[in-house]
Amino acid sequence: MENTNDTPEAKLSDVNELRARARQEVSQGAVTPAYGADPEKVCELLNVALATELLCALRYKRHYFMATGLASDSVKAEFLEHAKQESGHADKLAERIVQLGGEPDFNPANIAKKSHAEYVEGSSLREMIYEDLVAERIAIQSYTELVRFLHEKDPVTHALVREILAVEEEHAEDMVSLLQGLPAEH
Ligand SMILES: [Fe+2]
Ligand SMILES: [Fe+2]
């Protein structure tokens, strides 16, 4: 860039430069020369997040169907809602991976291997909720690290991951409330 003064405007490209760069490697679609991260690395990280979301959706489904007893109605509703939301997160991550030129990994054999969170069935309502809380805390930690990693490098993935992180924090809080509201015998 010829313009060397330090104002933020100095970082903006001339319109002709923008147009010329947009015409380079057009097959890369959304990934332009302005992209600040390594798209392959970002896709690899997003595939780990995808595996975590898919595994969490399955674990919540299992917990939804297995939750029994008088105290279970509100807990079941929460499990089902979370299962749907984790599945929605998985879809958004898969969509972003494709935009970045990668391929979302839905191979069942890879999901448990790649996922940060674990698939714990749990033998009581309390154990199920506890394990879901632990899994949410794992997701919160990895998304927080991902937010830091993506900062300024990839604003769209950054925004998506922040949005998902906010929901995982709500999920963790939901699990804490359920644990606190559970009668002692569960
Ligand atoms: Fe999620
Ligand atoms: Fe969650």
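**A two-iron site and the helices around it**

The iron ion (ligand 1) and the iron ion (ligand 2) lie 3.9 Å apart, and Glu86 coordinates both. This is a predicted model, and the description below starts from the two ions and moves outward to the helices.

The iron ion (ligand 1) takes its protein donors from Glu53, which supplies two OE atoms, from Glu86 (OE), from His89 (ND1) and from Glu168 (OE), at 1.9 to 2.5 Å. Along the chain these donor residues are spaced E-x32-E-x2-H-x78-E. Glu53 belongs to helix α2 (residues 39–66) and Glu168 to helix α6 (residues 155–181), so the pair ties together parts that are 115 residues apart in sequence. Glu53 is buried, its relative accessible area being 2%. Glu168 also counts as buried, with a relative accessibility of 1%.

For the iron ion (ligand 2), the protein donors are Glu86 (OE), two OE atoms of Glu136, Glu168 (OE) and His171 (ND1), lying 2.0 to 2.3 Å from the ion. Their spacing in sequence is E-x49-E-x31-E-x2-H. Here Glu136 comes from helix α5 and Glu168 from helix α6, so this pair ties together parts that are 32 residues apart in sequence. Glu136 is buried, at 1% relative accessibility. Glu168 is listed among the donors of the iron ion (ligand 1) and among those of the iron ion (ligand 2).

How do the helices that carry these donors pack? Helix α3 (residues 72–99) and α6 meet at an angle of about 165°, and their axes are 11 Å apart. An angle over 145 degrees counts as roughly antiparallel, and α3 and α6 are therefore roughly antiparallel to each other. The crossing of α3 past α6 is left-handed. On the α3 side the contact includes Val75, Phe79, His82, Glu86, His89 and Leu93, and on the α6 side it includes Leu160, Ile164, Val167, Glu168, His171 and Met175. Metal donors are thus part of this helix contact: Glu86, His89, Glu168 and His171 are among its residues, with Glu86 and His89 binding the iron ion (ligand 1) and Glu168 and His171 binding the iron ion (ligand 2).

Helix α5, which holds Glu136, covers residues 125–150. At 1.5 Å a residue, its 26 residues should span 38 Å, and the end C-alpha atoms are 37 Å apart, which agrees. Just after α5, Glu152 adopts a positive phi of about 70°.

Terms used:
Residues are numbered from 1 along each chain as its sequence is written. Chains are lettered from A and ligands numbered from 1 in the order in which they are written. This is a predicted model: local features need pLDDT of at least 70, side-chain atom pairs count only at pLDDT 80 or more; totals for chains, interfaces and linings use all residues. Side-chain values use heavy atoms; hydrogens and water are left out. Helices (H or I, at least four residues) and strands (E, at least two) are DSSP runs, numbered from the N terminus. The expected span of a helix is 1.5 Å times one less than its number of residues. Donors are N, O and S atoms within 2.8 Å of the metal (3.2 Å for Na, K and Ca); water is not among the atoms, so sites may look incomplete. Buried means under 20% relative accessible area, exposed over 50%, partly exposed in between (1.4 Å probe, protein chains only). Axes are lines fitted to C-alpha atoms, for helices over the stretch in contact, and angles run from 0 to 180 degrees between N-to-C directions. Angles under 35 degrees count as roughly parallel, over 145 as roughly antiparallel, 65 to 115 as roughly perpendicular and the rest as oblique. A crossing is left-handed if the near helix is turned anticlockwise from the far one by less than a right angle, and right-handed if clockwise. Contact means heavy atoms within 4.5 Å.
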